[in-house]
Every structure is written in C-alpha cells, then in structure tokens.
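The report below goes with the sequence and coordinates shown here. It begins with a single helix and then turns to wider features.

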2 protein chains.
Amino acid sequence: MSVAPQILKAMENSSAIRKAFEAGIKLKKEFGNDNVYDFSLGNPDLEPPIEVKNVIKKIAASDEIGTHGYMPNAGYNFARAAMSKKVSEEQGVFVEEKNIIMSCGAAGGLNAVFKAILSQGDEIIVPSPFFAEYIHYCTNHGGKLIPAATNEDFSLNIDTIKNALSSKTAAVLINSPNNPTGKIYSKEDIQLLANTLEEHTKKTGRKPYIIADEPYRAIVYENKTVAPLFPVYDASIVVSSFAKNLSLPGERIGYIAVNPVFKEIDELCAAIIFANRILGYVNAPAFFQRVIAETWNAPVDFSSYLLRRNALTKVLDKANIHYAEPEGAFYLFCKVPKGKNGSTDENDFCNQLEKYRILAVPGTGFGKKGWFRLAYCVSEKTITNSTDAFIAAVKAW
Amino acid sequence: MSVAPQILKAMENSSAIRKAFEAGIKLKKEFGNDNVYDFSLGNPDLEPPIEVKNVIKKIAASDEIGTHGYMPNAGYNFARAAMSKKVSEEQGVFVEEKNIIMSCGAAGGLNAVFKAILSQGDEIIVPSPFFAEYIHYCTNHGGKLIPAATNEDFSLNIDTIKNALSSKTAAVLINSPNNPTGKIYSKEDIQLLANTLEEHTKKTGRKPYIIADEPYRAIVYENKTVAPLFPVYDASIVVSSFAKNLSLPGERIGYIAVNPVFKEIDELCAAIIFANRILGYVNAPAFFQRVIAETWNAPVDFSSYLLRRNALTKVLDKANIHYAEPEGAFYLFCKVPKGKNGSTDENDFCNQLEKYRILAVPGTGFGKKGWFRLAYCVSEKTITNSTDAFIAAVKAW
C-alpha cells in the first residue's frame, strides 16, 4: 500500500471542479481556446489592476536586504497593519494588527483556523450548497462538515442550522457572497444566526465560532453589500484572500482576522499562528504580502462581471435552463433541465455539456443534486459564443 | 475553551527557534542590530543571486495574461520540467516532470507527503538530533515521529534505526546536510540504510519509504557531496526548496520528487498532488514557480558560509566551547560547557547567553539535551564581534 487508505477513498470523490478544469486544458489543446466554453474554475479572467502590477514591479526592483527572507510567522507587521485597516473598514469596528494573521490564501487560512480550534469528532455546520473543499479542510483536522440546507432561494435557513447544532459544534462556516449560488446572506439573517448561537451557548455551555470565508466580499452587484459579522457576534473570525478581487489566485495570499471583542482572542490568535507554522505554510508568501500591503484597496471595476452575468443569463434563458440570479461573486448555479428520459442527473448532464465543449461542475460537488455550476469569470465572447452549444446540448438531452 | 486542547499542549513545547528569533527582534530594537549576536534562525544573510533578482524583475514586467492565476495543483509544467532536470542531475537517474510536484516550500512538501502516506498510528523514524518541526509535521497527519540516535560524530547509526523499525514504520526521514549538526550522511551509510529497509520489508511485507529532506544539498564544504538516494532504494522521495541555497525562505517555494523506478509511482504522485490541494496550499506560489524555473541553477558562492564557519569555530575555541564541525548547511551544534554548579542544562545556558545578547537555540529543540545550536548565516562582523560576549558568558556560567 503506497498511499494511506483514507486518502485513496477521499480521492475517489475528489474535486469535480479541478477535474473539469484539467479536462478543459486538454480540450483547448485539441480544439483551440476559442472553441471550448470553460465555465469550470473560479480563475478570474480580469487581470490584476494596474496598481498591483506597478507595485509588483517596484518590489521586484527593490534592493532592500532580506526582502525574500523569513519574517515572524504571522506575517510582516506592515502587512498586518494594512489588513487591520481593511478589516476595520469592512467590519465597522477597530481591529488591531496583532489580531491579523497573514495566510497562504483563504484555503490556507481556513486550514490554520480549523487546526487551531478542532478536536477529534468536532463538527462544523455549513449552509448548503457549499464549496466542497470545506469537507477536506474539516477532516484534515479531525472534524466533520455538517451541511444545513438553505431555503429555496439559497438564503440562510435558521431552522436547519438549529437542527444541526449539537455539543460537538465547533463553528458555523458561512461563505457570502456564496460559491456556488452567488447569494449574499442578509444582515437580518446574520443577526438571527448570532441569536441562535447565543441561545445554543446558554443551553450547552459551548460557544460555536462563526467563521466567515469572504474572498468574494468585494464582488457584488447593484449596490448590494455584505453585512459585517464582528458587531453582532463575539466569537467570530473572518478569513479572506486577494485571489478573486485582485485576480491573484495563484499567488496564495490571504489573511485571518479575529473579532477584537472576543474574550480569549490572544490565546486564539497564538494558536492560529502556531497552526499556520506547523502546517508547513510557515508564513504567507513574502513577496505578495508586500504587494497587497500597498494595493489592498486598489480600485477594481467589477462591472464586467455584471455584464458577463447578464450575458450568461441571456444564453441560459435561450437554452431554457433555470438558474438562481447571483447577487455577488461570479458563479451561476443552474438547475439541470429534465431530459428526454426524465433524468435530472447532474453528472450525466455535465458529461452531455462536455460533448458540446462546455465545461461545468456538477452540483454534487457542492452538496446539491440536480444542479450544476457555471463560473462566468471568462470573456463575454466565450459566453456569447457558447449560445448554440448550450441550445444544442439541451435539445439533445 | 477557545482552542483545541491538543494544540494548547503542543504550543507549550513549541519552537525554541522561533522564540529565540522573535526575542532577537526585540533585543535589536533595544540595543541596535550591531549589538545583538543573533544565531537563532536559519534565515540566510546572503542575498539571492543576481540572476534571481533579474528574473524577478523580468517576470514583474511581463504582460502575459494569467501570470498570477491558477494552474494545475501540481504546478506549472515548465516549473516541473526545470525541477526534473535538477533532480535528474542530482540523483543520476532520469526523473520525468510528471513525477515532480511543486510545493509551498520544503515544509509544505513534507506535510503533503506525510498526509498522502500516513494512517493513524503510523511511525516515521528520524535520525536524531533532528529539526524539531518534524514532530508536528507527523502528528498533523496522525503519525508519530520516532527519533533514532546517531553515532557520537552524528553519522547514521543503523542499529538504532533497526531497533526503531516496526510494522508501523511508514518511512525513515533523513536530512543531510543535517540541521542542526551539519553532518552529511555518507554514501555507504545510505546504502546500509537501504539494505536494512529491504530486509525489514522481506520480514514484514511493509516497505517503508525513505524521504530525504534536502534544502541544504547545495551548501557543502571542502568538496563534500550529498549521495543520491534514487539509485539505491526504490520507495524514495526527495523534498527540497530554494529557501537556503537561493536565499528565498520567505517565498515558500519548493518541490517533491518521487523515484521513477517506484512501482506505485502514479498512485503516490496523485495522492501527493491531492494532499497538496486539500491541505490548502492549493498550489506553490505562482510567481516564484516562474522565478525558480529559470534560476534553479544560478551559480551561488557559498564560500562566505565557509568563512563564517571558520570565524565562528575560532570564537568558540577561544570561549572553550566544544562543537561538531559541520560538513554542510550553516549550523554549528555545540556542547554546553559544564557550569560552576556542574550544570550542562541547555535552556539555562541559552538564557545565560541571552544575557550577553547572544541568541542560540537549546538542543532539546532538536531532541538532544546538553547541546545548543548556532546558525551562522549571519555577517562575519557579527561573528567576530561576539567573541567577548561568548568568553564572558562562559566565564560567568
């Protein structure tokens, strides 16, 4: 046995997103980029803003000694100070730099947080549908992810969360704007969630964290906003990255922020810094800590994502595919149309789409059968050109 | 309880290296850089070679679309191809690029490998003294690190390894040139280790891996060389980084290479790529994958480390401190001199040194009482200036 059995098993049910992405690379080689409609991966097609590119050049030209060396495991103080400004603005409460930990992207940040807080058998509740990698991020550290179905419009369903709560609940993990639905959880619902957890704490003596995974916070449409979490619940943690808003997903740069009013904040931050170290991240990549310290608030025009959303919904309307209209992020979650044989199987339908060189991700990858996800961080041309393929695929389904 | 109990416990015995490094930052603020003799951390004081700096500038100036985007989890094909050349040269056997996985430094690489191969209760044997973070890298994934004492000159002791072997042994982890001793394990000893594991396999039916952690491979003195592993043992894996040889520790760029003759190589590589993804590294940082793909073989002059070694041994001779002469890397492992009260306690002695503004790491951090480590990747001036402090500290001990 060359590989641990539990890993072999996990690999069998592995990432449908990555499979589609890698299938797309092959198809593009065969048919050319323009003839493959790759909606598989949340890999932003916008380039990083010019401010980011300029600062990259500036840092590359710097002769400062030790630019690429070690720094404290929590990150450069100046990077943490910049994130403290960002988070304080977003959350409407002052967050000190000592309560910020720079991380290897949001995925690295979540793993460090889970490592710090989870004991064997602990549970993390997540509103479903959800980003499927969360399952692994929990099991990596002895935890179990417990999906709690959202309402039909994908808004938070407080009752399903209430039912999922137990003495094993270490945290509720929310992701808003949501991947895969594009839903933004309302301020009222976040407050209800906080109230529910306070009640649960009184009953059980164990206070679950609320952890907000927020890489899409900045990408919202039609003046929607993402409600702050820190003012409504003390045991709360925000994890984010610059993968999506600044189009730097390959650089693995993100951060963790802990609510300043949380009583055991010093212990928690120390544990997260420790987890960040021993999980082998050691520290967030040095170069991009420097980059985002100067460019975290670079203006970005997300209107093209809105145009892409509108272009894609038009295509889907023509193809008679039902979808949930996203309020943020760049994903469309779509219902599998009923096939000639009555099937609404998402895997079969995604295979059907692939025959027409459309790459989509089955909803099972997000805990939701009968649905599939399209990532529309691709050119409008790709979207428009896919019209005939979508129509033909549905017609032949 | 805000933090998992097992993490709190692990933090208590946490990194002496990092504690000394962070104490050093404070002392330097108080007394000035020139008045603190910081031998705590393996943070190379050489700057990256000019070739690296030039390529950083070139990539920063590139307008290639998607430079900072996602790529397959195993890394860019061109980066894997470059590593395939490097590893093939070093190991004397041809290693295909598909058997290379780019990683978030060697620490990220080791964690991905351990995650891929370890089941709960599995053991990894390490010749001792050893880099203490290995303990965490094992326990992170349900394993246990089993130290096997080396000989008095810190060479491999095959008998202690033989005694440590059991049906739970998943791997033997070797680190040569060694941190903290600077020892290079000889070709003959590597062959003996391979033979021993082959015998063990015949008896038990379970073949342990040999995993070589090789960040210091290039830093060797007086024409010493590090023996290749792939020609002598099939179930072998090399993990390395560019932290030490190219002075890029903060950038978290490394790789994993699997022996091409290993029968289950495809399964193993797939599992490591999967582990690299789900541990939240996702991929090695994009920018520095590009950098090292072009500069992995940039010429570096390590003669200054030899000068520093010789300068520091002169200082230690004057202070009457016994040490093991390193053959590679940039650490001196030293014996705590017997104090006036007969003590050879390494923690007390390191505290004593700190009073004289000398930062060193107690040997307990490497599984060896009565010793301490000095990292001499610091300026010769710092080394020479520390003479009086060392003499005074020992005199007053």
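## One helix and its two sides

Which exposed residues does the face of H14(B) turned away from its buried side carry? They are B:Asp388 and B:Lys395, where exposed stands for 12 or fewer other C-beta atoms within 10 Å of a residue's own, buried for 20 or more, and partly exposed for values in between, with C-beta atoms placed from the backbone. Helices (H or I, at least four residues) and strands (E, at least two) are DSSP runs, numbered from the N terminus.

This is a predicted model, in which local features need pLDDT of at least 70 and side-chain atom pairs count only at pLDDT 80 or more, whereas totals for chains, interfaces and linings use all residues. Residues are numbered from 1 along each chain as its sequence is written, while chains are lettered from A and ligands numbered from 1 in the order in which they are written.

In helix H14 of chain B, which spans residues 387–395, the buried residues include B:Phe390, B:Ala393 and B:Val394. Viewed down the helix axis, the buried residues of H14(B) fall within an arc of 95° (the arc of the directions from the axis to the C-beta atoms), so they line one face of the helix. Among the elements of chain B that cover these buried residues are helix H11 (303–318), helix H12 (346–355) and strand S11 (358–359).

## Two copies and their contact

A turn of 180° with a shift of 0.0 Å along the axis lays chain A on chain B with an RMSD of 0.0 Å, the superposition being by least squares on the C-alpha atoms of residues with pLDDT of at least 70 in both copies. The two copies are thus related as by a two-fold rotation axis.

The contact between the chains, counted where C-beta atoms placed from the backbone lie within 7 Å, takes 61 residues from chain A and 61 residues from chain B. Helices of chain A that each supply at least two residues to the side touching chain B include H1 (5–12), H2 (16–31), H9 (265–278) and H10 (286–295). That side of chain A has 35 nonpolar, 17 polar and 9 charged residues, with Ala, Val, Leu, Ile, Met, Phe, Trp, Tyr, Cys and Pro counted as nonpolar, Asp, Glu, Lys and Arg as charged, and the others, Gly among them, as polar. Since 100% of the interface residues of chain A are also interface residues in chain B, the copies meet through the same surface.

## Domains of chain A

Chain A is divided into domain 1 (5–48 + 301–395) and domain 2 (68–295), with bounds that come from an automatic or database domain assignment. Taken over C-alpha atoms, the centres of these two domains of chain A are separated by 27 Å. Their contact takes 27 residues from domain 1 of chain A and 27 residues from domain 2 of chain A.

## Backbone details

A cis peptide bond, with omega about 25°, joins A:Asn179 and A:Pro180, and A:Pro180 lies in the loop between strand S5 (169–175) and helix H8 (187–204) of chain A. In chain B, the peptide bond from B:Asn179 to B:Pro180 is cis, with omega near 25°.

A:Asn223, which is not a glycine, has a positive phi of about 60° and is exposed, with 5 other C-beta atoms within 10 Å. B:Phe154 has a positive phi near 70°, and this residue counts as buried, with 23 C-beta neighbours inside 10 Å.

Technical notes: Two residues are in contact if their C-beta atoms, placed from the backbone, lie within 7 Å.
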